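Visitor: I am a first-year student, and I would like a close look at a single part of this protein rather than a quick tour of everything. Could you take me slowly through one open space in the structure and then through the parts around it?

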Amino acid sequence: MRNSFLYLTREDVMRVCADLDSTVIMREAFHLHESGQTILPDEAYLGWVNGEGEHVRSLNMPAYVGGEIQFAGTKVINGNIANPQRRGIPRASGLTLLYDELTAQVVCVMEAAYLSSVRTASVSMLAILLLQGAPVETVAVIGAGVIAQRHLELMLRYLPTLRTLLVYDLIPGQVERVQHMFEPELYRRGVVLKEMHSAEAAIRPAQVVIPATTVTEGYIQYEWLQPGAIVVHVSLDDVLPEVVLQADTVIVDDWELVRADTRRLLGRMYRSGQLIGPDEAFPQDERRCRRVDAQLGELVCGTKVGRKTKKDICLVNPFGLAIEDVALAAHVYRHACQLGLGRKLPL
């Protein structure tokens, strides 16, 4: 019986993540998910309007991950998109909890926002590696916030042929701040980061496109995408329906979660009859309907193929799964214990 748990601060989590290969951990998580060794309940969504008229939300995302990970846990992540501009604090904050597999007692509580941004970027990187055709030399990142910054870190780490990062953000000075943040690594790798004057200008030359924004209306047109482009639709509302309908390949992380969502693009397209899942039958009028080609776990396990030709335009729509948070948190917890990091707190 435990009478305490380990608490890991944001600094602790950052220190441990620097030692881990988070993309490999995401590959492990999706392999376990596809082979039926995870439990992924529906997430709980709570949204409200605060006293200043801002829309805010809280998510509770539980999961169990088996295999060699053997942990259950949950992520509680809250957000207000007005926080950075109005209050000078991060948009998201929260905690990730890990439970002992045998007793279900809480064994670790850690800061969730940084961990969540790492797992999001790591899933994107995994998808790019699985779908890459020609060597990637140019990447477009739309938005320059926390999620975008984690993506930039992994691009510099995993793409040896990368030469140019094209970044666009609506907030004046944001790209310049990010450029200064990454300047030593950009110089070491010989990569140029350019601020672009529009999303279109960033996207057209890019082989990989990462929209990392908070928009609720689409703007990315299919004609902006060059042959062979990979779009990892991180923020879930940036592409127009035409991109989903015309892309050569559409990949999701978990179709059941995507289908059940009523707020985001692919869920809305499913409800309007424009989209069906990988194993669903086409309706009688299939002219306006396309099929999702595969789930990410199927690509990891090799049961389905993502890219068929180097010219295929591939759209990846990763909804974000709690198994990713639990898998990464489990590795963080175990490595933190090895390093002697964190603080024991009484239950």
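**The second largest pocket and its surroundings**

Guide: By class, eight nonpolar, two polar and five charged residues make up the lining of the second largest pocket, and it is this pocket that we shall follow here. Please keep in mind that the model is predicted. The space in the second largest pocket comes to about 280 Å³, and of the 15 residues that line it, those closest to its centre are C17, Y114, E153, L154 and R157.

Which helices supply at least two residues each to this lining? They are α1 (10–17), α4 (113–131), α5 (146–158) and α6 (174–189), and α5 gives the most, with five residues.

To place the pocket in the whole chain, we need the division of the protein into domain 1, which covers 4–115 + 323–346, and domain 2, which covers 133–321. Both of these domains give residues to the lining of the second largest pocket, and therefore the pocket lies between them. The centres of domain 1 and domain 2, taken over C-alpha atoms, are separated by 23 Å, and the contact between the two takes 21 residues from domain 1 and 22 residues from domain 2.

Let us now turn to α1, one of the helices that supply the lining, and look at its packing. The axes of α1 and α4 are 9 Å apart and make an angle of about 30°; because angles under 35 degrees count as roughly parallel, α1 is roughly parallel to α4. In this contact R10, V13, M14 and C17 of α1 meet A113, Y114 and L115 of α4, and by class the contact has six nonpolar residues, no polar residues and one charged residue. C17 and Y114, which take part in this contact, are also among the residues closest to the centre of the pocket.

A second partner of α1 is helix α12, which spans residues 322–339, and here the two axes come within 10 Å and cross at roughly 95°. Since 65 to 115 degrees is the range for roughly perpendicular, α1 and α12 are therefore roughly perpendicular to each other. The residues that meet are R15, V16 and C17 in α1 with V332, H335, A336 and L339 in α12, and the classes in this contact are five nonpolar, one polar and one charged. C17 is thus named in the contact with α12, in the contact with α4 and among the residues closest to the centre of the pocket.

The open pocket can also be set beside the enclosed spaces of the model, where the count comes to two cavities of 30 Å³ or more. The largest cavity has a volume of about 50 Å³, and its lining consists of L40, P41, D42, E43, M61, P62, L257, G320, L321 and A322. Seven of these residues are nonpolar, one is polar and two are charged. Where does the largest cavity lie with respect to domain 1 and domain 2? Both domains give residues to its lining, so the largest cavity lies between them.

The second largest cavity has a volume of about 40 Å³, and L236, V258, D261, R264, L265, L266, G267, N317 and F319 line it. Helix α10, which runs over residues 265–271, gives the most to this lining, with three residues, and by class the lining has five nonpolar, two polar and two charged residues.

To return to where we began, the second largest pocket lies between domain 1 and domain 2, and α5 gives the most to its lining.

Notes:
Residues are numbered from 1 along each chain as its sequence is written. This is a predicted model: local features need pLDDT of at least 70, side-chain atom pairs count only at pLDDT 80 or more; totals for chains, interfaces and linings use all residues. Side-chain values use heavy atoms; hydrogens and water are left out. On a 1 Å grid over the protein atoms alone, a cavity is a set of points where a 1.4 Å probe fits but cannot get out, and a pocket is an open set with protein on both sides within 12 Å along at least five of seven lines; lining residues have an atom within 4 Å of a point. Grid points are joined across faces, edges and corners, and a volume is the space filled by probe spheres set on the points. Helices (H or I, at least four residues) and strands (E, at least two) are DSSP runs, numbered from the N terminus. Ala, Val, Leu, Ile, Met, Phe, Trp, Tyr, Cys and Pro count as nonpolar, Asp, Glu, Lys and Arg as charged, and the others, Gly among them, as polar. Domain bounds come from an automatic or database domain assignment. Axes are lines fitted to C-alpha atoms, for helices over the stretch in contact, and angles run from 0 to 180 degrees between N-to-C directions. Angles under 35 degrees count as roughly parallel, over 145 as roughly antiparallel, 65 to 115 as roughly perpendicular and the rest as oblique. Contact means heavy atoms within 4.5 Å.
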